[in-house]
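Student: Please take a close look at the ligand site in this model. Which residues surround the ligand, and where does the ligand lie relative to the domains?

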Amino acid sequence: MRLTFDADVEAFRAEFAAFLEANLPEEAEAAERSRSTGHVPGWARRWQRSQFDAGWLLPGNPPEYGGRNATVLQQYVHVEELSRRRICRSYNPQGVGIIAASLLSFGTEEQKLRWAVPILRAEITAALGMSEPGAGSDLASLRTRAEPKGDHFLVNGQKVWTSGAHDADVLLTFVRTDPDAPKHRGISVLLIPTDGPGVTRRPFASYTGPEDKDFNEVFFENVRVPAGNLVGPLNEGWRVANGSLGHERTLMWLGEAERLDAVMRDFTPATALDKDWYATLVMDLQALRLLGSAALARAARGEQDVPALSVLKVFGSEAAQRALERALEASGPDGLVHPAATAPYHHMSFDDDSASWFNRFARSFGGTIAGGTSEIQRTIIAERVLGLPRR
Ligand SMILES: Cc1cc2nc3c(=O)[nH]c(=O)nc-3n(C[C@H](O)[C@H](O)[C@H](O)COP(=O)(O)OP(=O)(O)OC[C@H]3O[C@@H](n4cnc5c(N)ncnc54)[C@H](O)[C@@H]3O)c2cc1C
């Protein structure tokens, strides 16, 4: 089967390709590398801004928010063109994909202009403060406390795994504002500037290597946050949490498809055993594209099928992890050499796209943990896709 698009979608693709041709930063210009998902070098800020101004940053948005009111299928080919060329559109992905999007869905007009637009234009960067030491999968157990005090909130508590926080200007922070309410009901969302008194960010290395410092612990000690920084209604943060992670979910599987594509491209099977798993990899990629395209067609018809996206997440992220584990095993001790390149350098990609097989395998756990672990997704599939009894 060959999937094709209508002429208007192909015209949209051609227009975007022409924009990339004319505007992509040169390699010499992009010499400074991003050190975390909150750090956007000057050239990458200009690149993001040029996409915003031309309506190509988030094409589904209206023009004032970096888009051109594109349809779901047009948004798909936009991501496809970026993936095919290994182009990163923003080096603050959580800022653009989750935080600005949440502000546009739940923020006031003033908050959109004050925070969302500067994040989209790469004038400031943002990090996501959801998880805590005792609240990851069970996010509703979060304990960071924000006491309403008239014109401000007083915040005390701790977040963890806060990607890019040490380089970010603001944190979208999930806090408990009513400790007496049932746990899903007493949560609110605050935008907290990172440079204020009482905010301490402690970056720590991931297990891929000491130089990979993207995670942070963030501590709040009597931090005064203006009441105007409340995003969405008081005590209705759960709705924002569900909305925040829902953004762009329809297209999230494309990232895993891209990862599978990259293993296919970068690994050459030599032995019969390698050829065997490589064939599985090819089939997994076809199956993911088929399932993803069916989900896309439903979304294009305006049908909401959120639980089905859990199937795509589990399947795509685990297929990529399996393939990367095989590639690491097949490459023997060389796979552990760090740093080692497994793909040609590309100045518009994140550097970990071409790192050692160990590094690439280790990073694949981001796909099976972040945004809801595979176990949590399987529970959703069991209950809401297969209709099995709830525990
Ligand atoms: C690369 C990466 C980036 C991240 N960035 C951010 C960020 O920017 N901001 C942020 O707030 N967080 C971030 N996180 C954190 C992420 O959201 C959490 O790691 C995730 O929600 C899981 O929570 P946890 O680590 O506390 O694990 P836990 O919830 O403690 O889970 C531990 C294990 O128990 C299993 N488990 C838990 N509950 C159940 C259950 N009910 N049924 C079956 N199994 C269960 C899990 O599947 C897992 O295997 C990031 C994580 C990663 C990997």
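**The ligand shell**

Tutor: In this predicted model, 18 residues surround the ligand. The closest are Met130, Gly136, Ser137, Thr373 and Glu375. Near means that the C-beta atom, placed from the backbone, lies within 6 Å of the molecule. Three elements give two or more residues to this shell: β1 (126–129), α11 (365–369) and α12 (374–385). Helices (H or I, at least four residues) and strands (E, at least two) are DSSP runs, numbered from the N terminus.

By class, the shell has 10 polar, seven nonpolar and one charged residues. Nonpolar covers Ala, Val, Leu, Ile, Met, Phe, Trp, Tyr, Cys and Pro; charged covers Asp, Glu, Lys and Arg; the others, Gly among them, are polar.

Now the domains. The chain is divided into domain 1 (7–91), domain 2 (126–236) and domain 3 (248–385). These bounds come from an automatic or database domain assignment. Domain 2 and domain 3 both give residues to the shell, so the ligand lies between them.

Domain 3 also meets domain 1: 15 residues of domain 1 are in contact with 14 residues of domain 3. The domain 1 side of this contact has eight nonpolar, three polar and four charged residues. Contact means C-beta atoms, placed from the backbone, within 7 Å. The centres of domain 1 and domain 3, taken over C-alpha atoms, are separated by 22 Å.

Two notes on reading the model. Residues are numbered from 1 along each chain as its sequence is written. Local features need pLDDT of at least 70, and side-chain atom pairs count only at pLDDT 80 or more, while totals for chains, interfaces and linings use all residues.

Methods
Two residues are in contact if their C-beta atoms, placed from the backbone, lie within 7 Å.
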